[in-house]
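Please walk me through this protein model, taking its charged contacts, its surface and its pocket in turn.

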Amino acid sequence: MNTPRDEHEAAAADIRAVEQANTAFYEAMERGDLDALSGLWLPGEDLTVSCVHPGWPVLTGRGEVLRSYALIMANTEYIQFFLTDVGVAMTGDTALVTCTENILSGAPAEDGDALGPLVGQLVVATNVFRRTPDGWKLWSHHGSPVLAETGEEEDEGSPS
């Protein structure tokens with residue numbers, strides 16, 4: 001019979017495994033490793049996986065999702081993710097990870113010799129994982145841009 005302590009330890013181990021799968025996803029993107037990234041998504045063409053990149057329409061199906069990452073990797077010289085506000089929620093064999101992606105990226109320079117200007121952006125993301133016999137695999141990724149607050153709205157409403 002499972003004791004509450006055993007159940008707590010099993011849940012903690014699951015959370016660590018999901019966190020590791022989430023980290024592996026972002027590390028594969030940073031390395032531009034499409035093979036590693038492909039191995040992190042639910043296998044099989046018949047499974048409906050989905051992805052929403054900031055500003056893109058919903059992509060469905062493993063092939064379409066992986067093609068989008070290949071396109072991003074081919075057109076991004078440098079990308080680094082600094083994750084903040086990471087949270088994990090679980091129910092059964094499904095895990096939900098929410099986080100803020102603090103992204104630093106750069107494309108090739110015009111002359112092709114060096115890295116172009118670096119651009120920073122904030123994206124809030126939700127990553128949904130499913131437990132499989134081969135570990136936790138991505139089922140869905142959704143990223144939405146964070147609109148920066150300028151403070152101008154506050155100034156407009158206050159008397160001068």
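**Charged pairs, surface and pocket**

Arg31 and Asp33 are joined by a salt bridge in which the closest N and O atoms are 3.6 Å apart. In this model, which is predicted rather than experimental, Arg31 counts as exposed, because its relative accessibility is 53% and the cut-off for exposed is over 50%. Its partner Asp33, at 27% relative accessibility, counts as partly exposed.

The structure holds three salt bridges, and Arg131 takes part in the pair with Asp14, where the closest N and O atoms are 3.0 Å apart. Since Asp14 lies in helix H1 and Arg131 in strand E5, this pair ties together parts that are 117 residues apart in sequence. The side chain of Arg131 also meets that of Asp93 in a salt bridge, at 2.7 Å from N to O. Here Asp93 lies in the loop between E3 and E4 while Arg131 lies in strand E5, so the pair ties together parts that are 38 residues apart in sequence. Through shared partners, the salt bridges join Asp14, Asp93 and Arg131 into one network. Within this network, Arg131 is partly exposed at 33% relative accessibility, and Asp93 is likewise partly exposed, with a relative accessible area of 39%.

Strand E5 also contains Leu122, which forms a nonpolar patch on the surface with Val124 and Val146, the three residues having about 210 Å² of accessible area together. With a relative accessible area of 38%, Leu122 is partly exposed; this value passes the requirement of over 30% for a patch residue, which is why Leu122 can be counted in a patch.

A backbone detail appears in strand E3, where Asp85 is found. The phi angle of Asp85 is near 55°, a positive value in a residue other than glycine, and Asp85 counts as exposed at 61% relative accessibility.

What remains is the pocket. The largest pocket has a volume of about 390 Å³, and of the 21 residues that line it, the closest to its centre are Met29, Pro54, Ile72, Ile79 and Ile103. The elements that give two or more residues to this lining are helix H1 (4-31), helix H3 (62-74), strand E3 (78-91), strand E4 (94-108), strand E5 (115-132) and strand E6 (135-145). Strand E4 supplies the largest share of the lining, with five residues. By class, the lining of the largest pocket has 12 nonpolar, eight polar and one charged residues.

Technical notes. Residues are numbered from 1 along each chain as its sequence is written. This is a predicted model: local features need pLDDT of at least 70, side-chain atom pairs count only at pLDDT 80 or more; totals for chains, interfaces and linings use all residues. Side-chain values use heavy atoms; hydrogens and water are left out. On a 1 Å grid over the protein atoms alone, a cavity is a set of points where a 1.4 Å probe fits but cannot get out, and a pocket is an open set with protein on both sides within 12 Å along at least five of seven lines; lining residues have an atom within 4 Å of a point. Grid points are joined across faces, edges and corners, and a volume is the space filled by probe spheres set on the points. Helices (H or I, at least four residues) and strands (E, at least two) are DSSP runs, numbered from the N terminus. Ala, Val, Leu, Ile, Met, Phe, Trp, Tyr, Cys and Pro count as nonpolar, Asp, Glu, Lys and Arg as charged, and the others, Gly among them, as polar. Patches are made of residues with over 30% relative accessible area and no salt bridge: like charges are joined within 9 Å, nonpolar side chains (Val, Leu, Ile, Met, Phe, Trp, Tyr) within 5 Å. Accessible areas come from the Shrake-Rupley method with a 1.4 Å probe; for residues, only the protein chains shown count as cover. A salt bridge is a side-chain nitrogen of Lys or Arg within 4 Å of a carboxyl oxygen of Asp or Glu. Buried means under 20% relative accessible area, exposed over 50%, partly exposed in between (1.4 Å probe, protein chains only).
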